[in-house]
Amino acid sequence: LKYSKLIDKILVATTSSESDDELCHYVKKLGIEVYRGSTDDVLKRVYKAAKKYCPDSVIRLTGDYPLIDPVIVDDLIIDFHKKNVDYSSTDSSFAEGLDAEIIKFEILKICYKEARLISEREHITQYIHNNKSRFKMSNTFSNVNYGNIRIVVDEIEDYEVISKLVNFLSKRFNKKRYFFDDIRNLLMINHNLVKLNSNIIRNEGLQISLLSDGIYKNQE
């Protein structure tokens, strides 16, 4: 993300759990600010992290997407401002693991105050999707559909794929700066690597949350 030309500030919003102490120590050594908050109420955590800076907009990227492409993120930001919407995101034509969302801070505040469902508190922008008539929304699309590619770390199979990709690309380029084009080209000639985690359902975490939804009871 440091290669993004349009992001003003990078901030890691993680939990106050001891299990995240090592992560926070590592991130701070990189010179990146950390905000620690609620484990279950992710919407509250992200809102509180952003509130300190009162930004015009907030880009939401999740920690299980280690190969996020800053070029795609910048394209999303440009499209968001060009269309002058409340919320915009990449769509499923992008590889899973390149998902990004951008939301006006004032709209994030509305979500924080009004969201009641557990899925809305856990997935941050779900309140917007549940109330589409209230908000101006848009999507950015990939020129080619790469929705069958999975470069996210949720399961052990994902970790194996990511490890192989990172090891190969780091040795080939002798640096950490590589983008989805590099990843795609490698996967196109190594179909077995794609198959390793192709059986995992996209956005499975959200689907599970929706199936077991209820009213969140621990708001301020």
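Visitor: In which strand does V12 lie?

Guide: In this predicted model, V12 belongs to strand β1, which covers residues 11-15.

Visitor: Why is V12 called partly exposed?

Guide: Its relative accessibility is 24%. Buried would require under 20% and exposed over 50%, so V12, at 24%, counts as partly exposed.

Visitor: What makes V27, I32, E33, V34 and Y35 contacts of V12?

Guide: Contact means heavy atoms within 4.5 Å. V12 touches these five residues, with residues up to four places away in sequence not counted. For E33, the C-alpha atom is 6.4 Å from that of V12, and the two residues are 21 apart in sequence.

Visitor: How do you know that β1 and β2 pair?

Guide: Two strands pair if there are at least two bridges between them. There are 5 bridges between β1 and β2 (residues 33-37), so the condition is met. The two strands run parallel. The chain passes from β1 through helix α1, residues 21-29, to β2, and this β-α-β crossover is right-handed.

Visitor: What makes that crossover right-handed?

Guide: The term applies if the path from the first strand over the helix to the second runs clockwise, with the strands pointing away from the viewer. The crossover from β1 through α1 to β2 is right-handed, so its path runs clockwise in that view.

Visitor: Which residue in β2 stands opposite A13?

Guide: A13 has Y35 opposite it.

Visitor: Why is L193 called buried?

Guide: L193 has a relative accessible area of 6%. The cut-off is under 20%, so L193 is buried. L193 is found in helix α9, residues 191-195.

Visitor: Which residues is L193 in contact with, leaving aside its neighbours within four places in sequence?

Guide: They are V161, K164, L165 and L187. The C-alpha atoms of L193 and V161 are separated by 6.3 Å, although the residues are 32 apart along the chain.

Visitor: How much space lies in the second largest pocket?

Guide: The second largest pocket holds about 340 Å³. It is lined by 16 residues, and those closest to its centre are I72, D75, F94, S142 and D181. Two elements, α3 (70-83) and α8 (180-188), each give two or more residues to the lining. The largest share, 4 residues, comes from α8.

Visitor: What classes of residue does the lining of the second largest pocket have?

Guide: The lining of the second largest pocket has 8 nonpolar, 3 polar and 5 charged residues. Asp counts as charged, so D75 and D181 fall in that class.

Notes
Residues numbered from 1 in each chain as written. Predicted model: local features only at pLDDT ≥ 70, side-chain atom pairs only at ≥ 80, totals over all residues. Heavy atoms only, no water. Buried < 20%, exposed > 50% of the residue type's maximum accessible area, 1.4 Å probe, protein only. 1 Å grid on protein atoms, 1.4 Å probe; cavity = no way out; pocket = protein on both sides within 12 Å on 5 of 7 lines; lining within 4 Å. Points joined across faces, edges and corners; volume = space filled by probe spheres on them.
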